[in-house]
Protein chains: 2
Amino acid sequence: PIYLNTKYGTDVKPEEVAITVGAKSAVFMSIVLLTRMGDEVIVPDPGFPTYECVVRYAGGRPVFSILKEENEFRITPSDVDNLLTKNTRGVIVNSPHNPTGSTLSRDDVEGLLEIAEKRNLFIISDEIYEDYVYEGKYYSFLTFPEWRDYVIYISGMSKTWAVPGFRFGIIIARKEVIKKIELLATNIYSCPPSHLQYAALKAFEMGIEWFDRIRDEYRMRRDVVLEELSRLPGVKTVKPRGAFYVFPNVRELTRMLGYKDVDELSRAMLFEAGVLMLPGTAFPLYGGEGYMRISYVLPVEAIREGFNKLRDWIESKMG
Amino acid sequence: PIYLNTKYGTDVKPEEVAITVGAKSAVFMSIVLLTRMGDEVIVPDPGFPTYECVVRYAGGRPVFSILKEENEFRITPSDVDNLLTKNTRGVIVNSPHNPTGSTLSRDDVEGLLEIAEKRNLFIISDEIYEDYVYEGKYYSFLTFPEWRDYVIYISGMSKTWAVPGFRFGIIIARKEVIKKIELLATNIYSCPPSHLQYAALKAFEMGIEWFDRIRDEYRMRRDVVLEELSRLPGVKTVKPRGAFYVFPNVRELTRMLGYKDVDELSRAMLFEAGVLMLPGTAFPLYGGEGYMRISYVLPVEAIREGFNKLRDWIESKMG
């Protein structure tokens, strides 16, 4: 908790923390714990597919909040407000967001907390991309003292520390929730590998000043992707503030090249141009139709090379 | 699979194997996958508490098969037969067994497989102690070709390789089951830490000839425990064939020392004599009442020292 308290100016106590087998098991246990048969849980669409799957597994009903391009794909308090019913039990938020890179503003976070308070909802806040924020300040739900009442904060070491293979996740929540999470974890997998927990402790003690250099590198990559996208015909892009994804609108390009949808376009790009982008529909329903997810975890030269191939391919197709 | 095929003379294929976060998550996923609301699942009592918890979590009803001292605490085909109802869906077997050290005979395994076949039941066979067998041959469910039809074999590296902190578990089952396990695992925790999987692969390639020495050491420790127990008043012990536990009947001793039950006795032993044995009732219900579990993972000198303390304490109590 010292690490996170310094980072977000809060006062998390050891009994409010659980270490999990990756952020995914944190998501799984939180949803399973808080969702009962028939509960509605609002999930972003596009969004990380696990949210929907686990809500259904738990007997709940996922209610999709379509993220809108005109809102820079943020899940806004008014979006959520429009979806509330008497069965709504919680909201899953993911900021910075996979696959769109959207990042919530201070007003968004405060507005969502107000709704949670008014309607007594839980907020599962998956903040795994929290350090990949390129514009303005990042607002973690932990920054606001109300977190203890409504929020389950989830993060992990897979992104910032780039050790996805460690499967190291973190949950922060009020201690009653953590007690139940511990009970669930004991029956699901006992605990995460013990020696990796020592490694993580050491990493947290070292702070993350070293990450500034990496963030600068990723910001540069993002800007290169945006520049390259601006040179493609039929593509419109919202500038993402976080994560390492860009989510361009390729509807016009899809039409120009004569493909039925982004799934077809994505397949053709992969097999004909040798360039991989995930179709927006992989996340997980309709909200991503017409969009592609570009992941910029590769160096700038590789990004340029991919776009060169893509441009050549598009030109050859349009003859 | 090569490792296990050599060991048990079977023909497991790669698509029939899943690697899990400890044998516990293998148990969790298998039960959750195969149990539906209202299903009855036969679990050993005494037995590992997770079996009962997860059956209940999955909406099933645990039906306890009381392991009897006169059967050396084996779960016998006739025990299981007596508990069958039209709602019985599966049986959880754990041989060698925690906490009694009982180990199934060839007839037991074949008899259980026959019942599974006749009633179309699943058998979840937790064989995590498979290499700790001191008398006669060990019969894994994998030894019998019918395993593919009814059995989910579970093991891991926590016991034989003594790396419980690695959380490395194994499931073997027909490929349709493994496919579903993979789907569950993807949503629960993605996968076990990747570098530990490489370590495990190397360990399997090295075989387990080195374990013979360790098994001999454990057999010796068991025999020391049995000898020491034979010198205590009011204690009757079945000689266990496997695992690293002895499960003496201490009913008479409890009465002689004036305690209400083994929980009271165990607490007094810990705080007054400085010796820890788990009361049989920790596993998890009534079957262990009147018994204690002794774990002999410590060296012979430590075992002797513990029994010396225990004997002095008993003598001082009986004046």
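In this predicted model, the sulfur of A:Cys191 lies 17 Å from the closest cysteine sulfur, which belongs to B:Cys53, and this separation is too far for a bond. A disulfide would require two cysteine sulfur atoms within 2.5 Å. A:Cys191 is partly exposed, with a relative accessibility of 31%. Over all chains, the structure contains zero disulfides. A:Cys53 likewise takes part in no disulfide, its nearest cysteine sulfur being that of B:Cys191, 17 Å away. The relative accessibility of A:Cys53 is 35%, so this residue counts as partly exposed.

The contact between the two chains was examined next. The size of an interface is often given as the accessible area lost when the parts come together. Chain A and chain B bury about 2000 Å² between them, and 60% of this area is on carbon and sulfur atoms. On the side of chain A, at least two residues each are supplied by helix H2 (22–34), helix H3 (49–57), helix H7 (175–188) and helix H8 (194–205). The side of chain A that touches chain B comprises 14 nonpolar, eight polar and two charged residues. In terms of residues, 24 of chain A are in contact with 24 of chain B. Zero salt bridges are found across the interface of chain A and chain B, whereas 14 residue pairs are in polar contact between these chains, both residues of each pair being at pLDDT 80 or more.

Salt bridges form a further part of the description. Side chains of opposite charge can pair when their charged atoms come close. Over all chains, the structure holds 58 salt bridges. One of these joins A:Glu110 to A:Arg106, with the closest N and O atoms 3.6 Å apart. This distance satisfies the criterion because a salt bridge requires the nitrogen and the carboxyl oxygen to be within 4 Å. The two residues, A:Glu110 and A:Arg106, are four residues apart in helix H5 (residues 106–119) of chain A, so about one helical turn separates them. A:Glu110 is partly exposed, with a relative accessible area of 29%, and A:Arg106 is also partly exposed, at 41%.

A second salt bridge within a helix is formed by the side chains of A:Asp216 and A:Arg219, at an N to O distance of 2.9 Å. Both residues belong to helix H9 (residues 211–230) of chain A, where A:Asp216 and A:Arg219 are three residues apart, about one turn of the helix. A:Asp216 has a relative accessible area of 44% and is therefore partly exposed; A:Arg219, at 26% relative accessibility, is partly exposed as well.

In chain B, a salt bridge is formed between B:Arg74 and B:Asp108, whose closest N and O atoms are 2.7 Å apart. This pair links distant parts of the chain, 34 residues apart: B:Arg74 is in the loop between strand S3 (61–66) and helix H4 (77–83) of chain B, and B:Asp108 is in helix H5 (residues 106–119) of chain B. Both B:Arg74 and B:Asp108 are buried. In chain A, a network of salt bridges links A:Glu227, A:Glu228, A:Arg231, A:Arg304 and A:Arg311.

Several features of the backbone were also identified. A cis peptide bond is present between B:Ser95 and B:Pro96, with omega about -10°, and B:Pro96 is situated in the loop between strand S4 (88–94) and H5 of chain B. Another cis peptide bond joins B:Asn98 and B:Pro99, with omega about 15°. B:Pro99 is placed in the loop between S4 and H5 of chain B.

Positive phi values occur in residues other than glycine, including A:Ala243, where phi is near 55°. A:Ala243 belongs to the loop between H9 and strand S8 (245–246) of chain A. With a relative accessibility of 0%, A:Ala243 counts as buried, since the limit for a buried residue is under 20%. B:Asn120 also has a positive phi, of about 55°, although B:Asn120 is not a glycine. B:Asn120 lies in the loop between H5 and strand S5 (122–126) of chain B and, at 59% relative accessibility, counts as exposed.

Finally, A:Ser266 was considered. This residue is located in helix H11 (residues 262–273) of chain A and is buried, with a relative accessibility of 8%. When neighbours within four places in sequence are left aside, the contacts of A:Ser266 are with A:Met277, A:Pro279 and A:Met292.

Note on methods: Residues numbered from 1 in each chain as written. Chains lettered and ligands numbered in written order. Predicted model: local features only at pLDDT ≥ 70, side-chain atom pairs only at ≥ 80, totals over all residues. Heavy atoms only, no water. Buried < 20%, exposed > 50% of the residue type's maximum accessible area, 1.4 Å probe, protein only. Contact = heavy atoms within 4.5 Å. Buried area = accessible area lost by both parts, 1.4 Å probe. Polar contact = N/O pair within 3.5 Å; in protein donor to acceptor, adjacent residues only side chain to side chain. Nonpolar A, V, L, I, M, F, W, Y, C, P; charged D, E, K, R; others polar.
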